[in-house]
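Okay, thanks for coming, everyone. I'll put the structure up and then walk through the sheets, the cores and the charged pairs.

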Amino acid sequence: MKRLSYFGALVAILSMVSAFSVWAGPGAHGPNGEHLDQATSSAAGGLARLADGSVNVPKLAQRRMGLRTQIAPESEAAATIQLPGRVVADPNASGQVQATHGGRVEPGPRGLPMAGQTVKQGEVLVWVRHHADPFALAAQQSQRAELKAARDLAEQRLRRLESLEGTVPRKDIDAARIDVQSLTEREQRIAASLDAREPLRAPVSGVIARADVKAGQIVDTREVLIEVVDPAHLMVEASTPDVSLGGRLGVAYLAGIEGIKLQLVGAARYLRDGVLPLNFRVSVAAGASPLAVGQPVTVVAALKERRKGIVLPASAVVRSPSNEPIVWIKTGAERFMPQPVQVQPLDAVTVLITQGLAADNRVLVQGAALVAQIR
C-alpha cells in the first residue's frame with residue numbers, strides 16, 4: 001500500500017510539472033504580465049530594468065558589452081549653433097553644357113556621357129546637329145546654287161584672261177582670280193551651314209553630375225543638357241534668419257560626418273525667402289565620406305563666445321523612450337541611472353552638456369546605446 005501511495009504521489013507531481021510547462025511555453029506570460037522567456041534570460045544574465053528606471057548590469061556583462069565610463073569635469077568650450085544647409089557646387093570648379101542653337105543630339109567620340117563619368121576640360125561630350133525650317137533650308141540651297149553658277153562663270157572668265165596673258169592688263173587677271181576665290185569660299189560656307197553640327201565641350205575638368213541626353217533627342221536653345229562638377233571643390237550653403245551671425249562664426253563642421261571641415265567664405269547681404277545665405281568652403285580629409293551636390297546637411301558652427309559645460313563624446317548621449325536626450329550615470333558597481341540633459345553639439349564627435357550633470361558624475365561614454373535597450 002505504501003508503494004502504491006508513493007507511486008500515486010509521483011504521478012501527481014509529474015502531471016503538475018507537465019501542466020506548468022504547457023502554461024509557461026514559448027511566448028507565455030506570467031501572472032503579472034511579464035514574458036517568461038525574457039524574465040528567465042534576464043534572471044540568468046543579471047540584466048534587469050528596475051522600477052526607478054535604472055538598469056542593473058553585472059560586471060561580466062559590462063565587460064562583454066564593452067562599457068566604459070569617465071568622470072565628467074566641467075570646462076569651457078565655444079558655443080555652437082546648428083544651421084540647415086545643402087551641398088552646392090563651387091562656381092569656379094563647375095559648369096553647365098548648353099546648346100547655342102536647337103538641333104538633334106549625336107553621340108560624341110566616347111559615346112553619350114553618363115553621370116559619374118570623368119571628363120577633361122575641352123573634351124567633346126556630344127554633337128548637336130542643327131536643323132532649319134523648310135523655307136530657310138530652301139533659301140540656303142537656292143543661294144548655294146546661285147553661288148555655284150557664279151563661280152563657274154568666274155572660273156571660265158579667269159581661264160580666258162589667263163589665255164590672253166600679255167595682251168590684257170595684269171590687274172584684270174588678278175581681279176578675276178580674287179572673284180573666283182571669294183565665290184568658292186562663300187559656296188563652301190553655305191554648304192557647311194546646310195549640314196552643320198555644334199560640338200558641346202566640357203567646361204571644366206571633373207565628374208558629370210547630371211546628363212539628360214539621348215541619341216536623336218531634339219534640344220532647344222539654352223537648354224541645360226549636362227552638368228560637370230569637381231568633387232574635390234565643393235561648397236556648403238547654410239541659411240540663418242540672424243543677419244549678424246556671419247561676423248560671429250568660427251570653425252564649422254558637418255553634423256554626423258567626420259573628416260570634413262568648413263571654412264566660412266562669407267555671408268550674403270541679400271535675404272532669400274526671409275533667410276540669409278552663408279557660404280562655406282569644404283575641406284575633405286583622406287578617408288572621409290564623399291558628398292553629393294544637393295545633399296542636405298546640418299552645419300555645426302562654433303561661435304566666438306564661450307560657454308561652460310561638460311564635454312563628452314557624442315556616443316554618450318542617447319534618446320529615452322520619450323525621445324528626450326539622456327546620459328547614463330554609474331551610481332554603483334553594477335547600477336546605471338538615466339539622467340536627462342541639455343546637449344549642444346561641438347563637432348561631429350563631441351557634444352557639450354550644458355545642464356543636467358555635475359562635475360563628479362561618472363558618465364557612460366561607450367555602450368550607452370546597448371544599456372538603453374535593456375528592458
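So, to get going: how many bridges join strand β6 to strand β8, and in which sense do the two run? Five bridges, and the strands run antiparallel. On the sequence, look for residues 103-107 for β6 and 124-130 for β8. If you want a spot to click on, V105 sits opposite V128 in β8. Before I go on, please keep in mind that this is a predicted model.

That pair belongs to an open sheet of four strands, ordered β9-β8-β6-β11, with antiparallel pairing. The edges are β9, at 197-201, and β11; each has a single partner strand, so one side of each has no neighbour in the sheet.

There's another open sheet of four strands, and its order is β5-β12-β10-β7, again antiparallel. Here β5 and β7 are the edge strands, each pairing on one side only. Between β5 and β12 we have five bridges in the antiparallel sense, and S94 faces V229 of β12 across that pairing.

Now on to β17, residues 296-313. It pairs antiparallel with β4 over twelve bridges, and in that pairing T80 stands opposite A302. Strand β14, residues 249-254, also runs antiparallel to β17, joined by four bridges, with Y253 opposite V300. And then there's β22, residues 350-355, which pairs antiparallel with β17 over four bridges too; the pair to look at there is V311 and L352.

As a bit of background, in a regular strand the side chains alternate between the two faces of the sheet.

Next, the packing. Which residues touch the most other members of the largest nonpolar core? The core has 22 residues, and the ones to note are V236, L254, I260, L262, F280, L291 and V299. The elements giving two or more residues to this core are β4, β13, β14, β15, β16 and β17. Our friend β17 supplies the largest share, four residues. Take L291 as an example: leaving out neighbours within four places in sequence, L291 is in contact with V87, L234, L254, I257, I260 and V282. Apart from this core lies another one, of 16 residues, including V105, V119, V219 and I226. So V105, which we met opposite V128, turns up again there.

Okay, one polar residue I like: D90, in the loop between β4 and β5. Is D90 buried or exposed? It's at 5% relative accessibility, so D90 counts as buried. What does its side chain meet? A polar atom of the D90 side chain lies 3.0 Å from the backbone nitrogen of N92, and there's a polar contact of 3.2 Å between the side chains of D90 and R281. Not counting residues up to four places away in sequence, D90 touches H233, L234, M235 and R281.

Salt bridges, then. The structure holds 20 of them. One is E123 with R110, at 2.6 Å, N to O. E123 is in the loop between β7 and β8 and R110 in the loop between β6 and β7, so the pair ties together parts 13 residues apart in sequence. E123 is buried at 17% relative accessible area, while R110 is partly exposed at 48%.

Another is R177 with E162, at 3.0 Å, N to O. R177 lies in helix α5 and E162 in helix α4, so this bridge links parts that are 15 residues apart in sequence. Both ends are partly exposed, R177 at 29% and E162 at 35%.

For the force-field people: R210 and D212 form a salt bridge with the closest N and O atoms 2.2 Å apart. R210 counts as partly exposed at 29% relative accessibility, and D212 does too at 38%. There's also a network, where salt bridges that share partners join K148, R151, D152, E155 and E187.

Last thing, backbone angles. R222 has a phi near 65°, positive in a residue other than glycine. R222 sits in the loop between β11 and β12, and is exposed, with a relative accessible area of 68%. N323, also not a glycine, has a positive phi of about 65°. Where's N323? In the loop between β18 and β19, and at 55% relative accessibility N323 counts as exposed.

That's my tour; over to you.

Conventions
Residues numbered from 1 in each chain as written. Predicted model: local features only at pLDDT ≥ 70, side-chain atom pairs only at ≥ 80, totals over all residues. Heavy atoms only, no water. Buried < 20%, exposed > 50% of the residue type's maximum accessible area, 1.4 Å probe, protein only. Polar contact = N/O pair within 3.5 Å; in protein donor to acceptor, adjacent residues only side chain to side chain. Contact = heavy atoms within 4.5 Å. Pairing = 2+ DSSP bridges. Core = buried A, V, L, I, M, F, W, Y, C linked by side-chain atoms within 4.5 Å. Salt bridge = Lys/Arg side-chain N within 4 Å of Asp/Glu carboxyl O.
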